[in-house]
Amino acid sequence: MIIGFAELSRRRVWSFTFLAFSCVVLASCGGSSSSNGSSSPPTATLTATPSTITAGANTTVTLVYTSTNATSGSINGQNAPGSQGQITVQPTDTTTYVYTATGAGGSTKASATVTVAQAPMVTSFTVNPGTILVGGGVTLSWNSTNAAYVVINANVGASPGRVGASGANVSIPSPSQTTTFTAVATTSSGAQSAGVNATLTVNPITSFNGLDSSVGGGSTEDDIDPNGAVGTKQYMEYVNTSFQGYSKIPPFTPVWSSPQSINTPWPSTSPCGEVGANGPAIQLDAVIIFDRLASRWVIAGKTTVQDDYNFCIAVSNTDDLTSPTFAWYAYNFPLDPLLEVPGSNPVSYYLPDWPKVGTWTDGYYAAMDLIDPSTQYESGVLVCAIDRNGILTNPTSTPALACYEDFGTNTTRFSNGIYLAHSLIPADVDGITPPPTGRDEFMVSIQNPQDPGLANGIESSSTINLWDFHVDWTAPATLTLENLSTPAVDTYIPGCYTQSEPGETTCVPEMGVTGLGGIKVDSVGDRLMPRFAYRNFSAAATPYESFLVSHTVQTGLGVGQDATQTGVRWYELRGDGSGSGTPSLAQQGRITPDSVYYRFLPSIAEDKNGNAAAGYSISNPSSNPGISLSYWNLNPVNANQPQEVTILNGPGEEIPLALKQGQNPNLGQWGSYADISVDPTDDCTFWYVNEYWPANTTGTPGPWATNISNFQLPGCQ
């Protein structure tokens with residue numbers, strides 16, 4: 001623009017410098033030859049340096065003018081003395097400056113334009129999500145104006161660097177720690193905007209080694225059954241055949257100088273405290289839970305001595321394993337009268353197997369498979385309730401026991417001699433809000449496919465089983481099945497399942513060890529996996545009860561050697577919060593982020609904010625078995641997808657004991673389950689235990705190990 005003097009004086013900062021000409025008194029100083037007196041037209045030049053500036057930068061521009069045959073001069077009406085000089089200005093808008101040189105021969109104009117470019121600006125900059133679990137996916141989004149590009153730097157770790165002027169949901173490598181990103185808009189001339197920050201909070205996964213084969217406290221077999229629970233003061237872990245407590249504060253110091261034998265809580269005179277040539281009477285499949293409502297530890301299992309089967313349960317007198325008064329109230333219940341095979345002669349007994357225990361307000365509930373001694377198939381279930389209130393109020397007396405049997409005569413749940421609804425998992429309370437008063441205990445189990453009559457047929461299932469048990473502690477104590485419903489779910493094929501061998505679920509490949517060939521491990525895909533995690537959201541705007549469970553299924557995504565690829569299926573059942581009626585399926589999903597890895601042996605729970613986490617094992621023909629987890633929020637229903645992160649990359653491959661002994665190379669057990677639970681002190685921190693192999697070896701035992709991890713999910717503090 002061309003502006004007048006008044007405007008110029010209001011908006012510009014002017015500074016004048018001119019060159020004064022001195023004249024020595026000589027003849028040539030006067031007469032018609034004087035330039036000031038020339039009648040020739042004036043000449044004029046005007047230059048602006050720099051000619052382009054950025055608004056808001058307070059940049060000074062120098063205007064240089066020259067003239068001949070002129071007696072006066074001005075720039076935009078402002079006096080410009082002398083035949084040459086310079087003026088400094090600070091324009092805020094694009095401005096054209098006009099130098100007018102006037103003399104006897106008339107006037108001549110020269111102009112120079114200073115372009116004031118608008119300043120670059122970052123108009124928006126976000127990191128999404130704002131909080132992640134370490135290893136989770138991260139995207140950046142930004143917009144800018146008046147910029148050729150944007151530079152994004154991070155205060156720690158790798159920086160995205162120079163990027164386009166705008167971007168939406170651009171994925172970046174996941175930072176390993178909380179990171180502040182700074183975005184600066186930049187022009188082609190290098191002018192920069194002020195930095196705009198966006199901070200990503202990274203919640204860590206903290207891991208430490210639990211029990212392993214090198215320190216004792218576990219079986220030399222491959223089936224080590226790692227599980228555990230987090231309490232108010234410590235974490236406690238079990239593997240076949242021992243347990244150990246750990247401080248919840250780094251460096252996670254063990255409570256006892258050496259692992260405790262699983263029979264420790266019971267006196268040696270008890271069938272549960274016996275130790276024979278093959279070790280403790282309690283060996284396989286013991287479980288540890290923490291009664292959050294009473295702040296007590298619970299250990300449960302069963303004896304494996306035939307014709308002397310017992311259910312064993314021990315409840316602590318305090319929540320502190322390090323207390324000098326810490327002790328166990330330990331009980332045993334003979335099971336033989338409940339395990340007789342109908343019509344057997346001589347009398348034979350079902351083997352109680354795979355016991356799982358849950359805390360409910362009116363009892364500790366246990367469910368066991370019944371293994372037919374002649375076929376070795378699951379042939380029924382035994383469910384028992386132990387009077388929890390009796391233990392808590394009068395621990396020195398033997399509590400009441402009430403049991404329910406389902407076997408033999410129940411043909412609706414049988415197919416070709418196999419009990420299709422086996423391996424019940426009791427609901428186990430999380431949080432500090434108990435179930436509604438009078439609420440029955442619920443259990444859940446798989447419904448394996450029916451025999452289609454094909455030699456090698458594979459058939460899918462589309463239901464699971466929900467069991468409603470009611471206990472009456474008045475003498476005699478009774479446990480009854482109030483209702484058995486079959487919630488319809490998305491069609492699934494159990495992990496590694498084949499109709500010809502429905503009980504054989506070994507198909508998960510690992511990286512082959514030189515000289516030993518490829519080895520496959522058991523997905524335990526023929527059953528739902530613990531825990532059946534219960535939480536009462538009675539304080540929600542719309543109160544509800546939430547029940548979570550998961551299991552291993554075939555994905556249908558694999559091809560070739562990976563055609564049996566497995567993933568994790570999960571379900572949430574909900575009650576209406578009233579404490580009446582049967583919970584119904586609210587949502588379900590499958591964790592299969594790729595067609596590369598097999599995912600198996602899951603365990604699931606949720607925190608007080610409805611964030612769900614499922615931990616599981618992973619493996620494929622190109623990698624050793626490792627540990628991963630996925631997390632998501634359950635509200636609103638069906639709105640959020642699980643995000644997977646890695647806990648541990650497997651350093652070694654399991655080499656089954658059978659293979660070491662020259663037996664079946666295609667049989668490897670990877671435990672029978674793992675376990676995830678939520679810290680009762682903050683109701684946010686998840687604790688998860690699973691197994692791995694730290695190295696490849698053909699020796700005996702091991703070298704199996706366990707990993708214990710804890711973490712908080714975004715949105716729960």
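## Strand pairing: β46 and β47

Two strands pair if DSSP finds at least two bridges between them. In this predicted model, strand β46 (residues 598-606) and strand β47 (residues 611-620) meet that condition with seven bridges, running in the antiparallel sense. F600 has S617 of β47 opposite it. The hairpin formed by β46 and β47 has four residues between the strands, and G610 adopts a positive phi near 80 degrees there.

Is β46 enclosed or not by the rest of the structure? Nine of its nine residues are buried, so the strand is largely enclosed.

## Overall composition

The protein contains four helices and 52 strands. Of its 717 residues, 54% count as buried. The accessible surface comes to about 27900 Å², and carbon and sulfur atoms hold 50% of that area.

Among contacts with a separation of 6 or more, 61% are between residues 24 or more positions apart.

## Confidence

Mean pLDDT for the protein is 87, with 88% of residues reaching 70 or more. Among the elements, strand β35 (residues 425-429) has the highest mean pLDDT, 98, and helix α1 (residues 5-11) has the lowest, 37.

Over residues 1-35, pLDDT stays under 50. The model nevertheless has 58 contacts beyond four places in sequence for this segment. Where pLDDT is low, the predicted coordinates should not be read in detail.

## Nonpolar cores

The largest nonpolar core has 86 residues. Which residues have the most contacts inside this core? They are F311, I313, F469, L479 and F532.

For F469, the contacts outside its neighbours within four places in sequence are Y365, V383, Y404, L424, D440, E441, M443, L479, T480 and L481. L479 thus appears both in this contact list and among the core residues with the most contacts. A second core, separate from the largest, has 38 residues, including V138, L140, I152 and A154.

## F243 in strand β21

F243 lies in strand β21 (residues 242-247). Why does F243 count as buried? The cut-off for buried is under 20% relative accessible area, and F243 counts as buried because its relative accessibility is 1%.

S258 is 15 residues from F243 along the chain, and the C-alpha atoms of F243 and S258 are separated by 9.3 Å.

Terms used
Residues are numbered from 1 along each chain as its sequence is written. This is a predicted model: local features need pLDDT of at least 70, side-chain atom pairs count only at pLDDT 80 or more; totals for chains, interfaces and linings use all residues. Side-chain values use heavy atoms; hydrogens and water are left out. Helices (H or I, at least four residues) and strands (E, at least two) are DSSP runs, numbered from the N terminus. Buried means under 20% relative accessible area, exposed over 50%, partly exposed in between (1.4 Å probe, protein chains only). Contact means heavy atoms within 4.5 Å. Accessible areas come from the Shrake-Rupley method with a 1.4 Å probe; for residues, only the protein chains shown count as cover. pLDDT is the predictor's confidence in each residue, from 0 to 100. A nonpolar core is a set of buried Ala, Val, Leu, Ile, Met, Phe, Trp, Tyr and Cys residues joined through side-chain atoms within 4.5 Å.
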